[in-house]
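I opened a notebook page for this chain and wrote down what I looked up, in the order in which I looked it up.

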Amino acid sequence: MAIFEGSGVALITPMNRDFSVNYDKLEEIIEEQIAGGTDAIIACGTTGESSTLTHEEHIEVIKRSCEIVRGRIPVVAGTGSNATDTAIYLSVEAQRCGADALLLVSPYYNKTTQSGLIRHYTEVARAVTLPLLLYNIPGRTGMTIQPETIAHLVKNVDNIVGLKEASGNFTAILRTLSLMDGAPIEIYSGNDDQIVPLMALGGKGVISVLANVAPQQTHNLCMAALHGDMAKAAAMQIEAAELVRQLFVEVNPIPVKTAMNLMGREVGPLRLPLCEMEEENLRTLRAAMKEYGIL
């Protein structure tokens, strides 16, 4: 059984004006997500500014998210690191906090070989009993988890069940699927502009930035694809295309957090080195939100 099917929101982390984590607002936006049909909460990923959270904050956000959700939908905790020991520490703590699954980005900056990736992910997986998703995002990490590596890990490590795929490389995705030899693998789109193409290949859904500002629409898009209505899903994908483009006009999560503040969600500032949007990009983001009907 898949960790989830449909739209998992890559949740932002709300901040107070003093840049501390706003836990009251976290509860509010999680409740809004559940009411909007979101199928899973992904806490402390890239969109959640995990790279600027302290370890204590990181664990507390996961803990509070699990307490707020109370088992209504899965909570997937981002626990990746470029240090294997740190990834193990965060993963063990996330399991203790009640997370339902883990999302682990590949090691960044120091990077590694494919053999190193296998050892890294295997060691983390052995430290916990939760299902684990690999996270392939070369644009952020500077390295690619190769199809052969993905297939090896999913086939040989029981609790590594799939991946969030954000490479945009459908040739590699097809290669991964062809190497599975019928073994199950859960793949989620990590790109909001590629939900339908990936789900057409058997993907389970999306881990979505868009869902922060359009939870119901993102859920409905995924449900249409899951139920085989690809024409409807494609139309919804096309309808959201310009908004998705503007949500990545600057590095994520600058635009999406800005969009939520424009919508009156009051999710607070970004932590440096992330900063306010350029005025021209803010203008085009606002226009796309109005066109999509969320502003």
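The entries below go from the strands to the cores and then to single residues.

**Entry 1, the barrel.** I began by noting that the model is a predicted one, and then I traced the strands. I found eight of them closing into a barrel in the order β1-β2-β3-β4-β5-β6-β7-β8, with parallel pairing. From one strand to the next I read an average twist of 25°.

**Entry 2, β5 and its partners.** I picked β5, which covers residues 132-136, and looked at the strands it pairs with: β4, residues 101-105, is joined to β5 in the parallel sense over four bridges, and β6, residues 160-165, is joined to β5 in the parallel sense over five bridges. For the register against β4, I noted Leu103 opposite Leu133 and Val105 opposite Tyr135. Against β6, I noted that Leu132 stands opposite Ile160.

I then asked myself which residues of β5 are buried on each of the two faces. On one side I listed Leu132, Leu134 and Asn136, on the other Leu133 and Tyr135, and each of these is buried, which leaves both faces covered. This agrees with the count for the strand, five buried residues of five. I also followed the chain from β4 to β5 and saw that it passes through helix α4, residues 114-126, in a β-α-β crossover that is right-handed.

**Entry 3, the cores.** I next looked for the largest nonpolar core and found that it holds 78 residues, of which Ile62, Tyr121, Leu134, Ile160, Val213 and Leu243 touch the most other members. Helix α2, residues 55-69, supplies the largest share of this core, with six residues. Apart from this core I found a second, separate one of 17 residues, and among its members are Val76, Ala101, Leu133 and Ala166.

I stayed with Ile160 for a moment, because I wanted to know which residues it is in contact with once neighbours within four places in sequence are set aside; my list reads Tyr121, Ala125, Leu132, Leu134, Leu153 and Val154. In general, I remind myself, nonpolar side chains in soluble globular proteins tend to be buried together.

**Entry 4, Thr38.** I looked up Thr38 in the loop between α1 (23-35) and β2 (40-43). Is Thr38 buried or exposed? Its relative accessible area is 3%, and since anything under 20% counts as buried, Thr38 is therefore buried. I found a polar contact of 2.6 Å between the side chains of Thr38 and Gln33. Beyond the neighbours within four places in sequence, I recorded Ser7, Val9, Gln33, Ile73 and Pro215 as the residues in contact with Thr38.

**Entry 5, positive phi.** I searched for positive phi values outside glycine and wrote down two residues. Cys44, in the loop between β2 and α2, has a phi of about 65° without being a glycine. Arg70, in the loop between α2 and β3 (75-78), is likewise a residue other than glycine, with a positive phi near 55°. I then compared their accessibility: Cys44 comes out at 2% relative accessibility and counts as buried, whereas Arg70 comes out at 56% and counts as exposed.

**Entry 6, cis peptide bonds.** I asked where cis peptide bonds occur and noted one that joins Asn252 and Pro253, with omega about 10°. I placed Pro253 in the loop between α11 (241-247) and α12 (254-262). I noted another cis bond from Leu272 to Pro273, with omega near 15°, and I placed Pro273 in the loop between α12 and α13 (279-292).

**Entry 7, Arg119.** My last look-up was Arg119, which I found in helix α4, the helix through which the chain crosses from β4 to β5. With a relative accessible area of 66%, Arg119 is exposed. I also took the separation of the C-alpha atoms of Arg119 and Asn159, which is 14 Å for two residues that lie 40 residues apart along the chain.

Methods
Residues numbered from 1 in each chain as written. Predicted model: local features only at pLDDT ≥ 70, side-chain atom pairs only at ≥ 80, totals over all residues. Heavy atoms only, no water. Pairing = 2+ DSSP bridges. Axes fitted to C-alpha atoms, helices over the stretch in contact; angles between N-to-C directions. Buried < 20%, exposed > 50% of the residue type's maximum accessible area, 1.4 Å probe, protein only. Right-handed = clockwise from strand over helix to strand, strands pointing away. Core = buried A, V, L, I, M, F, W, Y, C linked by side-chain atoms within 4.5 Å. Contact = heavy atoms within 4.5 Å. Polar contact = N/O pair within 3.5 Å; in protein donor to acceptor, adjacent residues only side chain to side chain.
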